[in-house]
Amino acid sequence: MANVKGAPKGARTPWQVTRSVWYAMFVREALSRTMGDRMGWFWMVFEPVAFVGIMIAIRGFIRGDRLVANADFIPWLIMGLMGFMLVREGMMRGMGAIDANRALFAYRQVQPVDPVLVRIFLEGALRSFVFLIFIAGGLMLGLDMYPDNAVRALAAWASLWCLGLGLGLVTSVAATMVPEVGKVVSMLSLPLMILSGVIMPLNSLPHWLLEYLMLNPIPHGLETLRLGFFENYKVVHGTSMLYLWLFTFTLITLGLLMHLRFVNRLKAK
C-alpha cells in the first residue's frame with residue numbers, strides 16, 4: 001500500500017540513504033586511516049612536532065621571535081602550522097578520494113562527491129584531535145596555549161576546515177580528470193606554506209608585496225586563529241574573515257558544480 005507521496009511504506013528517504021552511505025564510508029575510511037598503518041597516529045603527531053622542533057632550532061640563528069608582536073613564538077608557530085596542515089590535508093586527501101573508492105561507484109547510491117566529503121571531514125576531525133593534544137601538551141610544558149577568545153579561535157579553525165573542503169572538492173575533480181594537476185598541487189604545498197606566513201610573520205614584508213600575498217585566503221584564517229589565542233596579537237594588515245568566507249563559499253560552490261557536471265566522467269575514469 002502506498003503512502004500519500006506514492007512511495008512504499010518503510011522506504012527510506014534520499015537523505016536517509018545518503019546518511020547511511022556517509023556513515024559506512026566514514027567507518028571504512030576511519031579504520032583505514034587509523035588502523036591500516038601501525039605508525040599512522042605516530043606520524044600524524046610526529047610530523048608537526050618535528051617541524052616545530054626544527055623551526056625552534058633555526059630560530060636561534062634568525063631570531064624570528066623578535067618579529068612576532070605580542071605573541072610567544074613557539075605557540076604562534078604551532079597555531080600557524082596546525083591551521084595550514086588542516087587546509088593542506090583537506091586539499092591533498094580530497095584529490096585521492098575518488099580513485100581510492102572507485103569500486104564503490106558500482107552502487108548507484110554512492111556518488112563521487114561522497115568519498116571526498118567523508119575524507120575531508122575525517123581528516124579535519126583527526127587534525128582537530130591532534131591540535132587538542134598540542135594544546136594540552138603545551139599547557140603542561142608551561143607554554144601560553146590557552147585561547148584568550150575561544151569563540152574566535154573555534155570560528156577561525158572551522159573556517160580553515162571549510163577552506164580545505166572547498167579546495168578538496170575542486171582538486172578532486174581536476175586531479176582525477178587531469179592527473180598532472182595532482183603533481184602540480186603537491187609541488188606547490190611547500191611554497192604555499194611559506195607564503196601563508198606559517199614560518200615567518202608576514203608583517204616583516206614590504207607593504208607592496210603584502211598586498212599580493214594577502215590575496216591568498218589562508219593567512220586570513222591563520223592570523224585570526226592566532227588572534228583568538230593572543231588577544232593583543234597584531235594581525236597582518238588587511239586580514240579579513242569576510243574575504244576568507246567569500247573565497248571559501250566560491251570554492252565549495254565551484255567544487256560541487258564540477259562534481260555535478262562531470263559525475264559520469266568521474267565514475268567512468
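**A stroll from Tyr146 to the helix ends**

Start by selecting Tyr146: not counting residues up to four places away in sequence, Tyr146 touches Leu139 and Phe229 (contact means heavy atoms within 4.5 Å). You'll find Tyr146 in the loop between helix H4 (113-140) and helix H5 (150-177); helices are DSSP runs of H or I with at least four residues, numbered from the N terminus. Tyr146 is exposed, at 58% relative accessible area (exposed is over 50%, buried under 20%, partly exposed in between, with a 1.4 Å probe and protein chains only). Now add Ala136, ten residues from Tyr146 in sequence and 8.9 Å away, C-alpha to C-alpha.

A word on what's on screen: this is a predicted model, where local features need pLDDT of at least 70, side-chain atom pairs count only at pLDDT 80 or more, and totals for chains, interfaces and linings use all residues. Residues are numbered from 1 along each chain as its sequence is written, and side-chain values use heavy atoms, with hydrogens and water left out.

Next, pick His259 in helix H10. Buried or exposed? His259 counts as buried, at 5% relative accessibility. Leaving aside neighbours within four places in sequence, its contacts include Ile98, Pro112, Leu169 and Leu266.

Then colour by pLDDT, the predictor's confidence in each residue from 0 to 100. Among the chain's elements, helix H10 (residues 241-261) has the highest mean, 95, and helix H2 (residues 40-62) the lowest, 71. Where pLDDT is low, don't read the predicted coordinates in detail.

Last stop: Met35, in helix H1 (residues 14-35). Met35 is exposed, with a relative accessible area of 65%.

Note on methods. Helix = DSSP H or I, 4+ residues; strand = E, 2+ residues; numbered from the N terminus.
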